[in-house]
Amino acid sequence: MSGILQQGYSFGYVLAACANLGVGGATNTWKTVFWVGAGFSIAVGFLRVLFPESKQFIEAKKAGKSGKTPGAFWAESKVMLKKEWRMCVYCIFLMTWVCII
Amino acid sequence: MASTNRPADPLAKGTFATAKQGFKDLFVWDQRVVVRNDYGEEYCEWQRPEPLKNPITLFAQLRLKDWLYFLVGFLAWTADAFDFHALSIQTTKLAAYYKTSNTNITTAITLTLLLRSVGAAAFGLCGDKFGRKWPMVINMIILGLLQVATIYAATFQQFLAVRSLFGLFMGGVYGNAISMALENCPYVCSLQDPNQMLIVAVPMLVV
């Protein structure tokens, strides 16, 4: 499922490309595409209001986990980077390569 | 419970040894898994990967409500990409509009992407603290408003400033969008170990 979700990004690109083709090449038409994007984002924002809070989050909250502090997050990240920095460097190159293609 | 799996030689130490072992393991169908027994001792064994399942059967496990959640998360991510690529695909028009070169316009892309990782970290923490819902709502609405602000940016400097801010909010979308889309999926085939998540997250942020 996460793979399908990832394609949302490409889908957004395709939609933007379609919008770009749709409005034509005149200079001021870029604004139209931006208006469409703004409307789209705000619409999704309001759509999200209609759905309840995540069950997992409520359960975690009940269990007394009130979320990590930024300090704890950085501390964990540092430990991870120390242990797995080689893997990180490798993944960065991999992702860069994939994105260039 | 004693495992009946074939024992494997331990994980290699060092960059090149790990790479070599990993490459060799590519050609073995079984997976080398580190197991910890009741005494806290760790050893490696070969485990047979779970047989592939029919994706349609898996899809059928999702109820209509789960699909709806998935769809909204998907759309949020799509809107995010749309807003970003609205710029990158129209660089020529924007260059004409601001009477500058395409290269200068793409500075905006650089700024957006630079601040994207900052936004992802900030909204990720917000998501843990205040929940997945309202941070995402606020995020999407501000994202839209920044898109409007881009339209009204009078000078190139303002344009760059707005696009930097846009990067901050663009980065925030993905985390809450995936949690909304995937938290309700009964079959979780994603990474479970938070350490692994971080390893994947860092390069994603950088790139």
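## The sheet of chain B

In this predicted model, chain B carries an open sheet of 3 strands, arranged in the order E1-E3-E2 and paired in antiparallel fashion. Strand E1 (7-8) and strand E2 (31-36) of chain B occupy the edges, and because each has a single partner strand, one side of each is left without a neighbour in the sheet. The pairing of E1(B) with strand E3 (residues 42-47) of chain B is antiparallel and rests on 2 bridges. Within that pairing, Ala8(B) has Cys44(B) of E3(B) as its bridge partner.

## Overall makeup of chain B

The 3 strands of chain B are accompanied by 8 helices, and along the sequence these elements follow the pattern β-α-β-β-α-α-α-α-α-α-α. Chain B has 207 residues, of which 43% count as buried, while the chain exposes about 11,500 Å², with carbon and sulfur atoms supplying 66% of that area. When contacts in chain B between residues at least 6 apart in sequence are considered, 61% of them join residues at least 24 apart.

A local example comes from Thr91(B), which lies in helix H4 (residues 91-97) of chain B. Is Thr91(B) buried or exposed? With a relative accessible area of 12%, Thr91(B) is buried, because that value falls under the 20% limit. Once its neighbours within four places in sequence are left aside, Thr91(B) is in contact with Asn102(B), Ile105(B) and Thr106(B).

## Salt bridges around the sheet

Side chains of opposite charge can pair when their charged atoms come close. Over all chains, a search of the whole structure finds 5 salt bridges. One of them is formed by Asp9(B) and Arg32(B), whose closest N and O atoms are 3.1 Å apart. Asp9(B) belongs to the loop between E1 and helix H1 (15-25) of chain B, whereas Arg32(B) belongs to strand E2 of chain B, so the pair ties together parts that are 23 residues apart in sequence. The two partners differ in their surroundings: Asp9(B) counts as partly exposed at 46% relative accessibility, whereas Arg32(B) is buried, with a relative accessible area of 18%.

Arg32(B) also forms a salt bridge with Asp25(B), and here the closest N and O atoms are 2.7 Å apart. A further salt bridge joins the side chains of Glu42(B) and Arg36(B), with an N to O distance of 2.7 Å. Arg36(B) counts as exposed, at 59% relative accessibility. In addition, Arg6(B), Asp30(B) and Arg48(B) are joined into one network by salt bridges that share partners.

## The interface between chains A and B

The size of an interface is often given as the accessible area lost when the parts come together. Between chain B and chain A, the buried area is about 6,200 Å², and carbon and sulfur atoms give 76% of it. In terms of residues, 71 of chain B are in contact with 67 of chain A. How many salt bridges does the rule find across the interface of chain B and chain A? The rule finds 0 salt bridges across this interface.

Ser41(A) offers a closer view of the contacts between the chains, and this residue is found in helix H2 (residues 30-49) of chain A. Not counting residues up to four places away in sequence, Ser41(A) touches Ala79(B), Asp83(B), Met140(B), Leu143(B) and Gly144(B). Ser41(A) is buried, with a relative accessible area of 0%.

## A nonpolar patch on chain A

Elsewhere on chain A, Met87(A), Tyr90(A), Leu94(A), Trp97(A) and Val98(A) make a nonpolar surface patch of about 530 Å². One of these residues, Leu94(A), is found in helix H4 (residues 70-100) of chain A. Leu94(A) is partly exposed, with a relative accessible area of 37%; because patches are made of residues with over 30% relative accessible area, this value satisfies that part of the rule.

Tyr90(A), another of the patch residues, can be related in position to Ser41(A), since the C-alpha atoms of Ser41(A) and Tyr90(A) are separated by 34 Å. Along the chain, Ser41(A) and Tyr90(A) are 49 residues apart.

Note on methods: Residues numbered from 1 in each chain as written. Chains lettered and ligands numbered in written order. Predicted model: local features only at pLDDT ≥ 70, side-chain atom pairs only at ≥ 80, totals over all residues. Heavy atoms only, no water. Patch = residues over 30% accessible without salt bridge, like charges linked within 9 Å, V, L, I, M, F, W, Y side chains within 5 Å. Areas by Shrake-Rupley, 256 points an atom, 1.4 Å probe, with all protein chains shown as cover. Salt bridge = Lys/Arg side-chain N within 4 Å of Asp/Glu carboxyl O. Helix = DSSP H or I, 4+ residues; strand = E, 2+ residues; numbered from the N terminus. Buried < 20%, exposed > 50% of the residue type's maximum accessible area, 1.4 Å probe, protein only. Pairing = 2+ DSSP bridges. Contact = heavy atoms within 4.5 Å. Buried area = accessible area lost by both parts, 1.4 Å probe.
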